[in-house]
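I set out to record what I looked up in this structure, entry by entry. The notes begin with the contact between the chains and then turn to each chain.

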Amino acid sequence: MSKAARALAVSAGVAFGVALIVYYIVSYLTVTPPGVAATGSKPRVHLTLQTVASYGNPPHADWVSYLARNPSGKWVHSTVLRVPSYSKVMVTIYQFDTATGLRNPFWGQPRGTIGGTMNVDGKTLNVLDPDLASHTFAIPDLGVSVPLKGVADDAKNQCSVAPCSLSEAHETVTFSFATGKPGKFRWQCFVPCAAGFPLGFGGPMQSVGWMDGYLMVQ
Amino acid sequence: MTTIAGERMPRHGVRIIAIWLVLTAIAVPLIVLVLGPHLPPPRMSAEAGSQRDANTLMTALLVPIALLVVVYFVYSFVFFRQSGEAILDGPPIKGHAGAQLLWIVLTSAIVLALAVWGSYTLIAGAHGAGGGQGPDPASKPTGYRNALPVQVIGQQWEWTFRYPTYGGIETRDLAIPDHTLVAFHVTSLDVTHSFWAYELGVKADAVPGVDNIAYVKARHTGLFQIRCAELCGLWHGHMSKKGRVLASGAFQSWIAAAKTKNAAIVKYLPKYNRVYFPAPLRRAG
């Protein structure tokens, strides 16, 4: 092979490698995951979520999960939530899972909500007994953290497959928080609720789409 | 000029040493006087200051060694480059006992001096240099018995802080008073994290079941970055926030406000302890 041919081959290889790296970086920076938009319009929107003890469908039928209701009223298995900036977000979470308790009782106090409170089955609370919590809905970078009361262990008609129906045993938690400037914020559950995983923090607790997600403030 | 096989050769060794000496004489003062004040971390505490001194010294020692390698490489590339198609053997290389001895003695002296200096700084000079020293620190600073204890609790994926001398309150925010010795008691509720307060020069692993103690004394008020320095799961990269060093009066006001803000949960918090084994750790595992 001549020197010119070798130089051309090396150059082509390097260019291909650089192109792949650039493509990866650009894709990473610009990708926007699909999500569920809040209903209503700025400056007051509604987000409706539910938690289920086990998703009941592939690929992980036994994983605990959040679901979100889209503007057409359909439950979607997504944790990427879209809300407008500089708005009041009214959140309703239907809690179908039983209590496992908070590892750190500190998260039993609602924080970052408007009024510093939450409403559980019509009752306004400024703290939840940590042992009664099943999950939390927390957006740490916005200072929002709300404990979610679990369904009693002996409750009748417990939900086994998502999406759960409101005719099944559940707790209803409502609260509101304010958004500011646009941004992408992670949200998560602070209860180690991934049964069967080391320390309760594997699988669904480590996976966006299950017990973690993004709040896309737009 | 030297003579090899009847051919007069320039004294390459002398040239290389001369170039190296000139470059070193220029580079080292620049490292110490110009780059040094910008090396991490900032001098927000005595511990951070000792780390910057160490970084400056190490860089100042490293540069002459790096320059020697680079000068030799570039010189060889320029003067020992063989042109044409023919491949000829170079002159035979012979050992030089004096040069070898000098190299061994010099490098050994540098390493040993650094070990002595580093040990002195770590143990006697900076009392742990802001690093976690485990539950029973080997190097305690003067007045450590009166240090303000602040517990740092790592959990997936957030830091919380407890102040045992202020009713054991727990907060999401970290504030400490300036000119006050603080003893960080770093622990974890789940996996291993690492508490890194960059400007303070504090870095201590947060390990479940371990009370890892690090001392620090902030020199002035201001903000400092808090990071997790141990890959700990999905949101590891988000385990960051800003801490604050406040003047004494402002700190008292802050702690009073924090007590009010977090009052509702206090009755549910476990009694302050050096480590925790919360029930869900067993329940969900």
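**Entry 1: The interface**

I counted eleven residue pairs in polar contact between chain A and chain B, with both residues of each pair at pLDDT 80 or more. I note here that the model is a predicted one. On the side of chain A that touches chain B, I looked up which elements give two or more residues, and these are β13 (183-188) and β14 (212-217) of chain A. I then sorted the residues of that side by class and found 18 nonpolar, 13 polar and six charged.

I next asked how many salt bridges the rule finds across the interface of chain A and chain B. The number is zero, with a side-chain nitrogen of Lys or Arg required to lie within 4 Å of a carboxyl oxygen of Asp or Glu.

For the extent of the contact, I recorded 37 residues from chain A and 29 residues from chain B. The area buried between the two chains is about 2,700 Å², and carbon and sulfur atoms give 60% of that area. Which residues of chain A lose the most area to chain B? I found Arg103(A), Phe106(A) and Arg186(A), which together make up 25% of what the side of chain A buries.

**Entry 2: Chain A as a whole**

I listed the secondary structure of chain A as one helix and 14 strands. I then compared its radius of gyration, 21 Å, with the 17 Å that the globule rule gives for 218 residues; the value of chain A is well over the rule, so the chain is more spread out than a compact globule. Along the principal axes, I read a span of about 80 × 40 × 35 Å for the C-alpha trace of chain A.

The domain division of chain A gives domain 1 (1-30) and domain 2 (35-217). I noted 45 Å between the centres of these two domains, taken over C-alpha atoms.

**Entry 3: Backbone of chain A**

I turned to the backbone with a general expectation in mind: most residues other than glycine have a negative phi, and most peptide bonds are trans.

I looked up two cases of cis peptide bonds. One joins Lys42(A) and Pro43(A), with omega about 15°. I placed Pro43(A) in the loop between β2 (39-41) and β3 (44-52) of chain A. Another cis bond runs from Ala162(A) to Pro163(A), with omega near -5°. Pro163(A) belongs to the loop between β11 (144-149) and β12 (171-178) of chain A.

I also checked phi at Tyr86(A), which is a residue other than glycine, and recorded a positive value near 45°. Where does Tyr86(A) lie? I located Tyr86(A) in the loop between β6 (80-83) and β7 (88-95) of chain A.

**Entry 4: Chain B as a whole**

For chain B, I listed six helices and twelve strands. Its radius of gyration is 27 Å, whereas a compact globule of 285 residues would have a value near 19 Å. I took the box filled by the C-alpha atoms of chain B along the principal axes as roughly 95 × 45 × 30 Å.

**Entry 5: Domains of chain B**

I recorded the division of chain B into domain 1 (2-79 + 101-123) and domain 2 (144-268). The C-alpha centres of these domains lie 39 Å apart. I found eleven residues of domain 1 of chain B in contact with 15 residues of domain 2 of chain B.

The two domains of chain B bury about 960 Å² between them, and 57% of that area is on carbon and sulfur atoms. In domain 1 of chain B, I identified Met44(B), Ser45(B) and Glu47(B) as the residues that lose the most area to domain 2 of chain B. Together they account for 58% of what the side of domain 1 buries.

I counted zero salt bridges between domain 1 of chain B and domain 2 of chain B. I did find four residue pairs in polar contact between these domains, both residues at pLDDT 80 or more. By class, the side of domain 1 of chain B that touches domain 2 of chain B has six nonpolar, three polar and two charged residues.

Notes
Residues are numbered from 1 along each chain as its sequence is written. Chains are lettered from A and ligands numbered from 1 in the order in which they are written. This is a predicted model: local features need pLDDT of at least 70, side-chain atom pairs count only at pLDDT 80 or more; totals for chains, interfaces and linings use all residues. Side-chain values use heavy atoms; hydrogens and water are left out. Contact means heavy atoms within 4.5 Å. Buried area is the accessible area (1.4 Å probe) that two parts lose on being put together, summed over both. A polar contact is a pair of N or O atoms within 3.5 Å; within protein, one must be able to donate a hydrogen and the other to accept it, and residues adjacent in sequence count only if both atoms are side-chain atoms. Helices (H or I, at least four residues) and strands (E, at least two) are DSSP runs, numbered from the N terminus. Ala, Val, Leu, Ile, Met, Phe, Trp, Tyr, Cys and Pro count as nonpolar, Asp, Glu, Lys and Arg as charged, and the others, Gly among them, as polar. Domain bounds come from an automatic or database domain assignment. The radius of gyration is taken over C-alpha atoms; the globule rule is 2.2 Å times the number of residues to the power 0.38.
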